[in-house]
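Trainee: Could we go through this one together, slowly, since I am still learning how to read such things?
Mentor: Of course, ask whatever comes to mind and we will take it topic by topic.

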Amino acid sequence: MAGNSEITVIGADTHIKGEMTFGSTARVLGTFEGAITAKGEIQIAEGATCRASINAARVSIDGVVEGDVTAHEKLTLNQKARMKGDLVAPTLVVAEGAQFSGHVSVGADAKNNGRAPASEQAPEPKVVVPSQEKAVARK
Amino acid sequence: MARSTAPTKPARSKAPNPRAVRCYHCGHVHEVAARASRVSCPKCAKSLRVEDVTIKTTEGWQNFQTCGRVVILAKGKLVAQTVEAQGGIEVRGGLDAKAYRGGPVVLKKSAVWRGDCAAPALSIEEGARIQNGLFTIGAESLSPETASPGS
């Protein structure tokens, strides 16, 4: 288990928008909007609010999360967790009292069954209608 | 003078250990005998299945409804459009439904779940599989949006 020195803490009075990438464990106590990626664990503490897509090895939620969550090892929704969004994880633990709503894919092959979060989805192939192509060529 | 010893009708006693069930048609809560398997709802008069059900093999239903608890054993599989179990459901085998609504859901390690789920609580053992269903767990599962399965 990672020691305290390896944990990055986003304080309770902090509001961040954007993308964050962590090499190990991060604990969010404040408000975050955007995307979080971590090789270790992401902890969303009680009182924290995340409007973000989260991608990490392990995710533990005690606060409020709106967004898709992908855990490569384990996703834990604790008693106070409130979550809206799609979940993909090989192992899901839901404590009594947790509330969530969204598509769920759990199991060893969850990644194949689950909907890839919007950020991971391949862009739709552009369809070029021949007549448009010609029109562009004429211009 | 000797009194008549004609057999008297035994007084009809109340059913022991009555349990409360909620009608899955109208939502009316009433008591039924502990061992009752089917009753009529005193409010809407529709037939209700109130027994606990164990699924041991593959069973196919259009709409599977019971006020009791459903247990799907490891070799069992329940295939249905909608499943409603007021007493909750424990899955060791497979459940393949468009939507489940009812009591707490327990997924054991060998469980394979396919379909949407609206329940007050969810317990998942390591190894259980959920194949991309829309889950609404907690207080939100009782909201009008999820009032009728499959709608």
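**Reading chain B**

Mentor: To begin with the secondary structure, chain B has zero helices and 14 strands, and please keep in mind that this is a predicted model.

Trainee: How do the elements of chain B run from the N terminus on?
Mentor: They run β-β-β-β-β-β-β-β-β-β-β-β-β-β, reading chain B from its N terminus.

Trainee: And how sure is the predictor about chain B, in terms of average pLDDT?
Mentor: The average pLDDT of chain B is 85, and 81% of the residues score at least 70. For the model as a whole, the scores are ipTM 0.73 and pTM 0.77.

Trainee: Where does pLDDT stay under 50 in chain B?
Mentor: That happens over residues 144–151 of chain B, a stretch for which the model has 13 contacts beyond four places in sequence.

Trainee: OK, sheets next. In what order do the five strands of the open sheet in chain B come?
Mentor: The order is S5-S7-S9-S11-S13 in chain B, and the pairing in this open sheet is parallel. At its edges are strand S5 (53–55) and strand S13 (122–124) of chain B, each of which pairs on one side only. Neighbouring strands of the sheet are turned against each other by 10 degrees on average, if direction is ignored.

Trainee: What actually holds strands like that together?
Mentor: As a general point, the strands of a sheet pair through backbone hydrogen bonds, and they can do so either parallel or antiparallel.

Trainee: Can you show me one pair, say S5(B) with S7 of chain B? How many bridges are there?
Mentor: There are three bridges between S5(B) and strand S7 (residues 70–72) of chain B, and the two strands pair in the parallel sense. If you want a place to look, find B:Val53, which stands opposite B:Val70 in S7(B).

Trainee: While we are at S7, is B:Ile72 buried or exposed, and why?
Mentor: B:Ile72, which lies in strand S7 of chain B, counts as buried because 25 other C-beta atoms lie within 10 Å, and 20 or more are enough for that label.

Trainee: Which residues does B:Ile72 touch?
Mentor: Leaving out residues up to four places away in sequence, B:Ile72 touches B:Ile55, B:Lys77, B:Leu78, B:Val91, B:Arg92, B:Gly93, B:Gly94 and B:Leu95. You can also compare B:Ile72 with B:Thr58, which is 14 residues apart from it along the chain, with 9.4 Å between their C-alpha atoms.

Trainee: What share of chain B is buried overall?
Mentor: Buried residues make up 38% of the 151 residues in chain B. Strand S12 (residues 112–119) of chain B is mostly covered, as six of its eight residues are buried.

Trainee: What does S12(B) pair with?
Mentor: S12(B) pairs in the parallel sense with strand S10 (residues 94–102) of chain B over six bridges, and it pairs with S14(B), again in the parallel sense, over five bridges. In the pairing with S10(B), B:Ala99 stands opposite B:Asp116, while in the pairing with S14(B), B:Val112 stands opposite B:Arg129.

Trainee: Now the other chain. How many residues does each chain bring to the contact?
Mentor: The contact takes 18 residues from chain B and 18 residues from chain A. On the side of chain B, S13 and strand S14 (129–137) each supply at least two residues, and S14(B) gives the most, with nine residues. The residues on that side of chain B divide into nine nonpolar, six polar and three charged.

Trainee: Which strand of chain A is joined to S14(B)?
Mentor: Strand S11 (residues 99–106) of chain A is joined to S14(B) by seven bridges, and these two strands run antiparallel. Within that pairing, A:Phe100 stands opposite B:Ile137 in S14(B).

Trainee: Last thing, which residues have a positive phi although they are not glycines?
Mentor: Among them are B:Ala45, with a phi of about 65 degrees, and B:Asn132, with a phi of about 55 degrees.

Trainee: Where are they, and are they buried or exposed?
Mentor: B:Ala45 is in the loop between strand S3 (38–40) and strand S4 (47–49) of chain B, and it counts as exposed because it has 10 C-beta neighbours inside 10 Å. B:Asn132 is in strand S14 of chain B, and B:Asn132 is buried, with 21 other C-beta atoms within 10 Å.

Technical notes. Residues numbered from 1 in each chain as written. Chains lettered and ligands numbered in written order. Predicted model: local features only at pLDDT ≥ 70, side-chain atom pairs only at ≥ 80, totals over all residues. Pairing = 2+ DSSP bridges. Helix = DSSP H or I, 4+ residues; strand = E, 2+ residues; numbered from the N terminus. Axes fitted to C-alpha atoms, helices over the stretch in contact; angles between N-to-C directions. Contact = placed C-beta atoms within 7 Å. Nonpolar A, V, L, I, M, F, W, Y, C, P; charged D, E, K, R; others polar. pLDDT = per-residue confidence, 0-100. Buried ≥ 20, exposed ≤ 12 C-beta atoms within 10 Å, placed from the backbone.
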